Amino acid sequence: MLKIFCLTLMIWLLPFTVGSAQKAQISDLRSEGWTEIERREEIKNYPGDSPYENLTRVIQVIHFVFEKDGMTKICWISYDSQRDQIREGCKLR
């Protein structure tokens with residue numbers, strides 16, 4: 001249930017968290033015709049940072065691999081539950 005909630009929240013908040021200097025790269029790739037060929041997800045649980053040591057800090061990372069015209073891009077999106085922060089990045093393989 002937590003996994004579905006985090007993923008839904010992450011997707012919903014993505015357009016609002018991407019700064020003007022950084023593009024929403026993954027959504028741009030999809031709209032530019034890149035094909036997602038692989039996706040994997042990992043969720044890590046850590047103790048919370050002070051003063052929330054008793055709470056669980058959840059870091060969720062989704063890794064993507066995209067292809068287009070013989071090129072491959074490796075991308076990721078991460079969500080930090082304690083900092084309520086979403087980050088993403090891509091690099092050409």
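**Burial, and a look at the whole chain.** A residue counts as buried under 20% relative accessible area, exposed over 50%, and partly exposed in between (1.4 Å probe, protein chains only). This is a predicted model, where local features need a pLDDT of at least 70, side-chain atom pairs count only at pLDDT 80 or more, and totals for chains, interfaces and linings use all residues. Residues are numbered from 1 along each chain as its sequence is written, and side-chain values use heavy atoms, with hydrogens and water left out. Here pLDDT is the predictor's confidence in each residue, from 0 to 100. The chain averages 84 on that scale, and 74% of its residues score at least 70. Of the 93 residues in the chain, 29% are buried. The accessible surface is about 6,500 Å², with 55% of that belonging to carbon and sulfur atoms; such areas come from the Shrake-Rupley method with a 1.4 Å probe, and for residues only the protein chains shown count as cover.

**View 1: helices and strands along the chain.** Starting at the N terminus, the elements go α-α-β-β-β-β, so to speak of totals, there are two helices and four strands. Helices (H or I, at least four residues) and strands (E, at least two) are DSSP runs, numbered from the N terminus. Contact means heavy atoms within 4.5 Å. Among contacts with a separation of 6 or more, 45% are between residues 24 or more positions apart. Residues 16-22 are a stretch to read with care: pLDDT stays under 50 there, and the model has five contacts for them beyond four places in sequence.

**View 2: the nonpolar core.** In soluble globular proteins, nonpolar side chains tend to be buried together. A nonpolar core is a set of buried Ala, Val, Leu, Ile, Met, Phe, Trp, Tyr and Cys residues joined through side-chain atoms within 4.5 Å. The largest one here has ten residues: Ile26, Leu29, Trp34, Ile62, Phe64, Phe66, Cys75, Ile77, Tyr79 and Ile86. Helix H2 (25-31), S2 and S3 each chip in at least two of them. Pick out Ile26 and look around: leaving aside residues up to four places away in sequence, Ile26 touches Phe64, Phe66, Cys75, Trp76, Ile77, Glu88 and Cys90.

**View 3: two phenylalanine rings.** A pair of aromatic rings is described by the distance of the centres and the angle of the planes. Rings of Phe, Tyr and Trp (its six-membered ring) pair if their centres lie within 6.5 Å; planes under 30 degrees apart count as stacked, over 60 as edge-to-face and the rest as tilted. Searching the whole structure turns up one aromatic pair. The ring centres of Phe64 and Phe66 are 5.9 Å apart and their planes sit at 20°, so this pair is stacked. Phe64 and Phe66 are both buried.

**View 4: the disulfide.** A disulfide is a covalent bond between the sulfur atoms of two cysteines. The rule used is a pair of cysteine sulfur atoms within 2.5 Å, and it gives a count of one. That bond joins Cys75 to Cys90, with 2.0 Å from S to S. Cys75 lies in strand S3 (residues 71-80) and Cys90 in strand S4 (residues 85-92), so the bond ties together parts that are 15 residues apart in sequence. The torsion about the S-S bond is about 115°, so the disulfide is right-handed. Cys75 has 0% relative accessibility and counts as buried, whereas Cys90, at 26%, counts as partly exposed.

**View 5: the loops between the strands.** Pro51 is in the loop between strand S1 (35-47) and strand S2 (56-68), and the peptide bond leading to Pro51 from Ser50 is cis, with omega near 5°. In the loop between S2 and S3 you'll find Asp69, which isn't a glycine and yet has a positive phi of about 50°. At 70% relative accessibility, Asp69 counts as exposed. Asp84 sits in the loop between S3 and S4 and has a positive phi of about 50° too, although Asp84 is not a glycine. With 46% relative accessibility, Asp84 counts as partly exposed. Now check the distance from Asp84 to Ile59: 25 residues apart in sequence, they are 10.0 Å apart in space, C-alpha to C-alpha.

**View 6: Tyr79 and Val58.** Tyr79 belongs to strand S3 and, at 5% relative accessibility, counts as buried. Along the chain, Tyr79 and Val58 are 21 residues apart, while 8.0 Å separates their C-alpha atoms.
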